[in-house]
Amino acid sequence: MHLLRLTLASLLASTGALTSQEEALQSEEPPAELIESTDSGDLDLLDIVCRGTVSLTYSPGLTATPRPVTSTSTGWLTGCVSATYPTLLSATFVPDTGTSVQGCLLSTPRFAQTLRWNTGQTSTYAVTSFITLEPDGASLVVSTGQVTAGLFAGARVEQIVVLPPSALTDCLSDAGASTISGAVTLTLTPRP
């Protein structure tokens, strides 16, 4: 999986879809135990890969203690690369609001999200998420699941959101984090 992300990063870099900061982050080598052998045919397995930004707002703010909160997600994806649908260049997250019990390290285990592509088509996907803390203080929210409706229906979804260290700091305050934004990478691959 990690190798696939590095391969995707290489593909995005070659198309100019990565910023210099993103290129620097992607150039870090993964631990040796995560590297698997691959060949260039692996890129044919991708339906689409996009990068962008996602923003989550919480009311009341997200704190260390899980509690019922209403959250809204918004965002955009650009620099999309797809061999199957070359006209797909970008997408926006259709604003989605829901209420569930959440805390800084406890996210909704399953959620659905709809994307509206630059062509006007939509894709709706359902994913399960988990959070990991990185040594530099950043948090990774890794969500995996399946496209349930629209374009790419049946495809596997991997969505990775990188949240800055300030997200955790805000969560630990009395008011909690009312807005958290981060870089997102979305990858859709066909089911075998």
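Student: Which strand holds Ser 73?
Tutor: This model is predicted. Look at residues 67–81, which form a strand. Ser 73 falls within that run. The element is strand 2.

Student: Is Ser 73 buried or exposed?
Tutor: Start from its relative accessibility, which is 10%. Buried means under 20%. Therefore Ser 73 counts as buried.

Student: Which residue's side chain makes a polar contact with that of Ser 73?
Tutor: Begin with the residues that Ser 73 touches, leaving aside neighbours within four places in sequence. Among them are Ser 55, Leu 56, Val 94 and Gln 113. A polar contact of 2.8 Å joins two side chains here, and the partner of Ser 73 is Gln 113.

Student: How many disulfides does the structure hold, and which residues are joined?
Tutor: The structure holds one disulfide. Its S to S distance is 2.1 Å. The residues joined are Cys 50 and Cys 80.

Student: How many residues apart in sequence are the parts that this pair ties together?
Tutor: Cys 50 lies in strand 1, residues 48–62. Cys 80 lies in strand 2. So the pair ties together parts whose separation in sequence is 30 residues.

Student: What is the handedness of the disulfide between Cys 50 and Cys 80?
Tutor: Use the torsion about the S-S bond. For Cys 50 and Cys 80 it is about 120°. The disulfide is therefore right-handed.

Student: Are Cys 50 and Cys 80 buried or exposed?
Tutor: Cys 50 has a relative accessible area of 0%. Cys 80 has a relative accessibility of 9%. The cut-off for buried is under 20%. So Cys 50 is buried, and Cys 80 also counts as buried.

Student: Which residues have the most contacts inside the largest nonpolar core?
Tutor: That core has 31 residues. Take Leu 188: not counting residues up to four places away in sequence, it touches Trp 117 and Phe 152, among others. The residues with the most contacts inside the core are Leu 77, Trp 117, Phe 152 and Leu 188.

Student: In what order do the elements of the chain run?
Tutor: The chain has three helices and eight strands. Read from the N terminus on. The order is α-α-β-β-β-β-β-β-β-α-β.

Student: What share of the accessible surface belongs to carbon and sulfur atoms?
Tutor: The chain has 192 residues, and 38% of them are buried. Its accessible surface comes to about 9800 Å². The share belonging to carbon and sulfur atoms is 58%.

Key
Residues are numbered from 1 along each chain as its sequence is written. This is a predicted model: local features need pLDDT of at least 70, side-chain atom pairs count only at pLDDT 80 or more; totals for chains, interfaces and linings use all residues. Side-chain values use heavy atoms; hydrogens and water are left out. Helices (H or I, at least four residues) and strands (E, at least two) are DSSP runs, numbered from the N terminus. Buried means under 20% relative accessible area, exposed over 50%, partly exposed in between (1.4 Å probe, protein chains only). A polar contact is a pair of N or O atoms within 3.5 Å; within protein, one must be able to donate a hydrogen and the other to accept it, and residues adjacent in sequence count only if both atoms are side-chain atoms. Contact means heavy atoms within 4.5 Å. A nonpolar core is a set of buried Ala, Val, Leu, Ile, Met, Phe, Trp, Tyr and Cys residues joined through side-chain atoms within 4.5 Å. Accessible areas come from the Shrake-Rupley method with a 1.4 Å probe; for residues, only the protein chains shown count as cover. A disulfide is a pair of cysteine sulfur atoms within 2.5 Å.
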